[in-house]
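Open the structure in your viewer and keep the selection tool ready. The tour goes from the whole chain to a single pair of helices.

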Amino acid sequence: MQAVVLTGHGGLDKLVFHDDWPTPVPEVDDVLIHVGACGLNNTDVNTRSAWYSKGNMEATTGDALAGADGQDGTWGGSPVSFPRIQGADVAGIVVAVGPQADVTLIGQRVLVDGWLRDWGDPMNLDKTSYFGSECDGGYAEYTKVSQRQVHPIDCALSDAELATFACSYVTAENMLNRAQVAAGDTVLVTGASGGVGSALVQLANRRDAVVVALCGADKAKAVNDLGPAAVLERNVTDIRSRLKAAIGRDTVDVVADVVGGARWPQLIDAIARGGRYTCAGAIAGPVVEFDLRTFYLRDLIFTGATVAPPGVFEDLVRYIEQGEIRPLLAATFPLSQFHAAQQAFIDKHHVGNIVVCPGT
Ligand SMILES: NC(=O)c1ccc[n+]([C@@H]2O[C@H](COP(=O)([O-])OP(=O)(O)OC[C@H]3O[C@@H](n4cnc5c(N)ncnc54)[C@H](OP(=O)(O)O)[C@@H]3O)[C@@H](O)[C@H]2O)c1
């Protein structure tokens with residue numbers, strides 16, 4: 001089958017396209033999925049470059065990183081084993097099942113929940129791994145996963161559109177849950193043109209929150225089309241006065257952040273007393289300047305968000321089926337042009353997400 005195989009940590013040259021890779025065989029309760037499309041994510045880029053390593057202090061660039069160490073190069077802090085097929089955001093059709101799996105799944109169109117759990121202890125965050133990181137994922141014509149991880153979906157969207165959702169929207173919904181975002185809350189979203197950021201805008205709107213989106217000036221119109229109360233340029237140096245002009249108050253109840261980096265102290269200073277900060281990424285840099293006085297004197301609550309508990313994926317499928325959120329498909333590439341697809345993803349001239357389609 002076609003597959004893009006990661007052979008080690010480093011640059012794009014570590015991703016090798018094959019058209020004769022062995023097709024996986026579904027075991028026990030696995031299903032075999034014919035992949036229609038698979039969305040791109042930064043976790044693939046970060047794992048390839050070992051960005052997660054504590055030895056790295058840099059923003060995500062997509063290049064090999066001098067300080068990074070493959071020994072703690074994955075999201076969970078463990079080494080990755082190679083060769084590895086990455087790719088978490090699969091939309092496709094079940095074409096075969098293992099001996100203990102439900103045969104009625106064959107022929108069904110499914111999305112994959114990337115958070116692999118110990119189903120005997122599903123709330124234990126320590127007993128999780130990620131599809132396309134600790135096991136092979138969806139940058140291939142076929143992939144296999146436990147039947148517990150697949151969710152049939154009934155809607156008119158294409159596979160490419162469906163492949164824009166999983167990782168970004170589960171992450172965003174988990175962030176909003178962790179920060180207990182409710183109707184009427186003001187929420188400042190960073191990286192709002194990206195996968196998670198655009199998901200945050202849509203999902204916070206869905207909760208009737210008042211959303212202020214931060215993004216690059218060239219993407220402001222597209223982000224505005226998602227319906228936030230206001231859009232601010234990402235490099236403003238006076239967030240509080242911009243907030244005052246945009247929404248009539250100079251602080252927000254919640255900051256939902258995937259950017260971090262040098263402008264991070266400004267974000268924290270824009271949170272109202274008793275407000276919440278939730279974070280799932282640090283694309284502009286993981287090491288930030290943190291004035292503890294702002295944190296404790298304002299009674300702030302901080303939550304990190306990575307492993308989503310059971311139930312979040314089911315909610316996401318429902319929102320899609322009910323048309324409460326819409327896909328932002330920026331571009332589709334054949335799997336055979338994976339380098340071009342990931343380079344476009346890294347270049348960040350797009351809004352939403354980019355997907356690859358095997359077999360084309
Ligand atoms: N914890 C988790 O489970 C989880 C899951 C998904 C993603 N993440 C992390 O969250 C981050 C965002 O992911 P994503 O999928 O949304 O990424 P994305 O689609 O690449 O979007 C990131 C956005 O951040 C903005 N940005 C990029 N570099 C920036 C910089 N130096 N300064 C300010 N803004 C910058 C860009 O928007 P503008 O050009 O409009 O500014 C870009 O669209 C990544 O670090 C990713 O690894 C974590």
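The stops below are the domains, the ligand and two helices.

This is a predicted model, in which local features need pLDDT of at least 70, side-chain atom pairs count only at pLDDT 80 or more, and totals for chains, interfaces and linings use all residues. Residues are numbered from 1 along each chain as its sequence is written.

Start by colouring domain 1 (3–164 + 327–357) and domain 2 (168–304); these bounds come from an automatic or database domain assignment. Their centres, taken over C-alpha atoms, are separated by 27 Å. The contact takes 10 residues from domain 1 and 13 residues from domain 2, where contact means C-beta atoms, placed from the backbone, within 7 Å.

Next, select the ligand. It is surrounded by 29 residues, the closest being N42, G191, G194, G216 and G281; a residue is near if its C-beta atom, placed from the backbone, lies within 6 Å. The elements giving two or more residues to this shell are α1 (42–49), α3 (166–178) and α4 (195–206); helices are DSSP runs (H or I) of at least four residues. Both domains give residues to the shell, so the ligand lies between them.

Finally, show α3 and α4. Their axes, lines fitted to C-alpha atoms over the stretch in contact, are 8 Å apart at an angle of about 55°. The two helices are therefore oblique to each other (not under 35 degrees, over 145 or 65 to 115). Residues to pick out in their contact include Y169 and L176 in α3, and V196 and L203 in α4.

How values were computed: Contact = placed C-beta atoms within 7 Å. Axes fitted to C-alpha atoms, helices over the stretch in contact; angles between N-to-C directions.
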